[in-house]
Amino acid sequence: ADGNPAPRYQWLHRMKDGLGEMVIRSEDRYLHITNVTYEHQGEYICIASSTINGQERMVQSEAITLRVVGKSFLTNSSHTIEAGAQLSTVCVLTRRG
């Protein structure tokens, strides 16, 4: 997402712990995870926000599901990545309606 003023980003991680806990994993347009472990499993969403004319505007990305298998994997939109590997992805937002 681009904008003026420049948007603020947050990558949120919904943990696969059954509690649905959300954790902020990054406050950058890019999400980088080095040495992926089973704790990184779950859904990731990116939220871009900006204040325009005194009003907070937010846009949310499609969810990315990280599933770690064997040594660790991430699948596209459901990424599959090998454990111990490195993950880099970018916040891509689409406007609907």
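## Contacts around Gln41

In this predicted model, Gln41 is in contact with several residues from elsewhere in the sequence: His13, Arg14, Met15 and Lys16, along with Leu66, Arg67 and Val68. That list leaves aside neighbours within four places in sequence. If you are browsing the coordinates, one pair to pick out is Gln41 and Lys16: they are 25 residues apart along the chain, yet their C-alpha atoms are separated by 6.0 Å.

As for where Gln41 sits, look in the loop between β3 (30–33) and β4 (42–52).

## The neighbouring residue, His40

His40 is found in that loop between β3 and β4 too. Is His40 buried or exposed? Its relative accessible area is 14%, under the 20% cut-off, so His40 counts as buried.

Setting aside residues up to four places away in sequence, His40 touches His13, Ile33, Asn35 and Leu66. There is also a polar link to follow up: a polar atom of the His40 side chain lies 2.9 Å from the backbone nitrogen of Thr37.

## Strand pairing around Arg14

Arg14, one of the residues in contact with Gln41, takes us to the strands. Strand β1 (residues 8–15) runs antiparallel to β4, and eight bridges join the two. Within this pairing, Arg14 has Glu43 of β4 as its bridge partner.

Strand β1 also pairs with strand β2 (residues 22–26), again antiparallel, through four bridges. Here, Arg14 stands opposite Met22 in β2. Handily for anyone tracing the sheet, Arg14 thus gives you a reference point in both pairings, with Glu43 in β4 and Met22 in β2.

Methods:
Residues numbered from 1 in each chain as written. Predicted model: local features only at pLDDT ≥ 70, side-chain atom pairs only at ≥ 80, totals over all residues. Heavy atoms only, no water. Contact = heavy atoms within 4.5 Å. Pairing = 2+ DSSP bridges. Buried < 20%, exposed > 50% of the residue type's maximum accessible area, 1.4 Å probe, protein only. Polar contact = N/O pair within 3.5 Å; in protein donor to acceptor, adjacent residues only side chain to side chain.
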